[in-house]
Amino acid sequence: MAIIVRIDVELAKAKMSVGEFAERVGLTPANVAVLKNGRAKAIRFSTLEATCRVLGCQPGDILEWVDDE
């Protein structure tokens, strides 16, 4: 099972930089990079909510499950 994080796609749609996004969501740019690169082991619901609010999207636009098989 793999969860793919598509924050980069939503950032591009919103024409928003990582720095601006990080500031508006309340994360460090380093933590945004961890999310973008798929290295995060978890995400808080409050962070997911803030991400969706800032990017104007739904959780399903950011997270995608892909079967490994």
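Start with the whole chain in view: of its 69 residues, 28% count as buried, where buried means under 20% relative accessible area, with a 1.4 Å probe and protein chains only. Keep in mind that this is a predicted model, in which local features need pLDDT of at least 70, side-chain atom pairs count only at pLDDT 80 or more, and totals for chains, interfaces and linings use all residues. Residues are numbered from 1 along each chain as its sequence is written, and side-chain values use heavy atoms, leaving out hydrogens and water.

Next, switch to a cartoon view. You will find five helices and two strands, in the order β-α-α-α-α-α-β from the N terminus. Helices (H or I, at least four residues) and strands (E, at least two) are DSSP runs, numbered from the N terminus.

Now show the C-alpha trace and turn it around: along its principal axes it spans about 35 × 20 × 20 Å.

Then select helix α2, residues 18-25, and go to valine 25, which has its place there. Is valine 25 buried or exposed? Valine 25 counts as buried because its relative accessibility is 13%.

What does valine 25 contact, leaving aside its neighbours within four places in sequence? Select Thr47, Ala50, Thr51 and Val54 to see these partners; contact means heavy atoms within 4.5 Å. Finish with a distance label between valine 25 and valine 54: they are 29 residues apart in sequence, and 6.9 Å apart in space from C-alpha to C-alpha.

Conventions. Buried < 20%, exposed > 50% of the residue type's maximum accessible area, 1.4 Å probe, protein only.
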